[in-house]
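Reader: I've got a model open and a few quick questions. Can you walk me through it?
Author: Sure. Here it is.

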Amino acid sequence: MRADGFATPAIFISGHATLTEAAQAVQIGGFDFLEKPFSAEKIAVTAKRCLELSAIKERLRLIEGRSGPRDLIGDSQLIQQLIHEALKVAPTQANVQISGESGTGKELVASTIHANSNRRDAPFVKVNCSAIPDSLLESELFGYEKGAFTGAGAGKRGLFEVAHRGTLFLDEVADLSMAAQAKILRVLQNGDVQKVGSERTIQVDVRILSGTHKDLKQAILAGCFREDLYYRLNVVPIRVPALRERAADIPLLITHFSQLICEKHNLKPKVIDNDVVGELQRYAWPGNVRQLRNVLEHMLIMSGEQVSIHDLPEELLAHDDTSAENRPSALKAFRDNAERDFIIASLKRNRGNVSQSAIELGVGRTYLHRRMSTLKISKKDFFN
């Protein structure tokens with residue numbers, strides 16, 4: 001019943017079962033075990049408890065479904081559109097191709113789709129296609145029989161078989177070899193999986209979600225990716241925006257991650273200065289959300305009771321604002337020029353004394369040195 005998708009709870013009844021068999025009945029999913037003979041009152045009470053528990057589980061499932069993706073954080077239009085697309089495609093059986101830069105949260109989107117699908121109670125299996133050597137990928141995906149190769153002392157189920165009735169997330173799918181692509185295409189076409197060393201095939205029912213930071217269309221033109229597999233995977237494309245495209249979400253992400261990090265490391269909650277948040281919003285984040293979390297973890301661990309501008313890693317303040325990925329807008333250029341003139345004026349009034357200027361400007365001496373470096377302020381600018 002469970003394998004066929006029925007959620008109806010089961011009560012086992014027998015007059016001949018042993019204690020071991022009764023324990024096994026409950027272990028495989030039975031709500032309770034009744035031994036004959038039993039009274040009408042006993043069966044009524046047991047059935048009532050069984051139905052009450054079933055109703056509670058169903059309410060929890062619905063609440064979890066309505067709560068949506070807990071870690072897709074943001075109020076920006078881009079992230080709200082992403083959440084809308086993920087929840088809309090989740091109840092279907094369509095394969096989804098999730099694209100986006102490294103660190104944007106493609107696996108999180110895939111997990112959200114699975115958690116809100118009718119496969120939520122079945123396995124969600126993740127595989128990083130770029131992390132498994134090509135020589136081992138086939139046996140990992142499809143499994144192998146005992147004695148299929150040297151060292152195969154026992155058979156092993158492949159990830160497709162493990163994910164039966166559930167979801168398989170193929171991360172970095174563009175890194176699959178052409179041979180592996182051909183075998184995955186066969187599974188998508190027929191639902192057939194053939195283990196290494198076996199002559200028979202087994203049927204699997206798996207929904208495929210795939211992710212990549214590469215342009216699959218360019219990979220097809222370069223002869224590195226099968227066009228027929230692309231169309232099988234790309235039934236519904238979803239793009240995850242880069243963090244720099246939704247900088248307005250950074251304060252919410254800071255609050256969310258700070259709470260998780262402090263709990264993880266048994267730290268007291270810390271106040272993060274507004275100027276720190278401002279600097280984090282101005283940074284381009286080439287590593288996206290993953291990099292933001294790592295930076296926050298570093299600052300929260302190494303800072304005092306409050307996270308100030310002095311706790312920012314050097315690379316965040318000394319980054320090259322003129323790089324192609326982080327080319328300044330007219331507004332940012334105006335702000336930097338105004339800040340540069342303001343600092344130079346203070347240094348002139350204080351005859352080049354950086355410590356005195358830092359006090360006058362209300363910032364730390366180390367931070368002022370960093371900003372002078374970033375804004376390319378040298379002695380000739382205030383000694384003339």
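Reader: Start with H5. What do the buried residues of H5 pack against?
Author: They pack against S4, strand S5 (143-144), H6, S7, H7 and strand S8 (192-193). Contact means heavy atoms within 4.5 Å. Helices (H or I, at least four residues) and strands (E, at least two) are DSSP runs, numbered from the N terminus.

Reader: What sort of model is this, and how are residues numbered?
Author: This is a predicted model: local features need pLDDT of at least 70, side-chain atom pairs count only at pLDDT 80 or more, and totals for chains, interfaces and linings use all residues. Residues are numbered from 1 along each chain as its sequence is written, and side-chain values use heavy atoms, with hydrogens and water left out.

Reader: Back to H5. Which residues are buried there?
Author: Leu137, Ser139, Leu141 and Phe142. Buried means under 20% relative accessible area, exposed over 50%, partly exposed in between (1.4 Å probe, protein chains only).

Reader: And what follows H5?
Author: Gly143, with a positive phi near 80°.

Reader: Now the core. How many residues are in the largest nonpolar one?
Author: It has 31 residues. Leu141, Phe160, Leu168, Leu170, Ile184, Ile208 and Phe225 have the most contacts inside it. A nonpolar core here is a set of buried Ala, Val, Leu, Ile, Met, Phe, Trp, Tyr and Cys residues joined through side-chain atoms within 4.5 Å.

Reader: Which elements give two or more residues to this core?
Author: Strand S4 (124-128), helix H5 (134-142), helix H6 (159-162), strand S7 (167-171), helix H7 (178-190), helix H8 (216-221) and helix H9 (227-233). H7 gives the most, with five residues.

Reader: What does Phe225 touch?
Author: Not counting residues up to four places away in sequence, Phe225 touches Val173, Ala174, Met178, Gln181, Leu216, Ala219, Ile220, Tyr230 and Leu233. There is also a second, separate core of 26 residues, which includes Ile250, Leu292, Leu296 and Leu300.

Reader: Switching to rings. How many aromatic pairs?
Author: Three. Rings of Phe, Tyr and Trp (its six-membered ring) pair if their centres lie within 6.5 Å; planes under 30 degrees apart count as stacked, over 60 as edge-to-face and the rest as tilted.

Reader: Why is the pair of Tyr230 and Tyr231 edge-to-face?
Author: Because their planes sit at 70°, with the ring centres 5.2 Å apart.

Reader: Is Tyr230 buried or exposed?
Author: Tyr230 is buried, at 9% relative accessible area. Tyr231, at 53%, is exposed.

Reader: And the rings of Tyr283 and Trp285?
Author: Those planes are at 90° and the centres 4.8 Å apart, so this pair is edge-to-face too. Tyr283 counts as buried at 10%, and Trp285 is buried at 0%.

Reader: Last topic, pockets. What lines the second largest one?
Author: 24 residues line it, and Gly103, Thr104, Gly105, Lys106 and Leu108 lie nearest its centre. H10 gives the largest share of the lining, four residues. A pocket, on a 1 Å grid over the protein atoms alone, is an open set of points where a 1.4 Å probe fits, with protein on both sides within 12 Å along at least five of seven lines; lining residues have an atom within 4 Å of a point.
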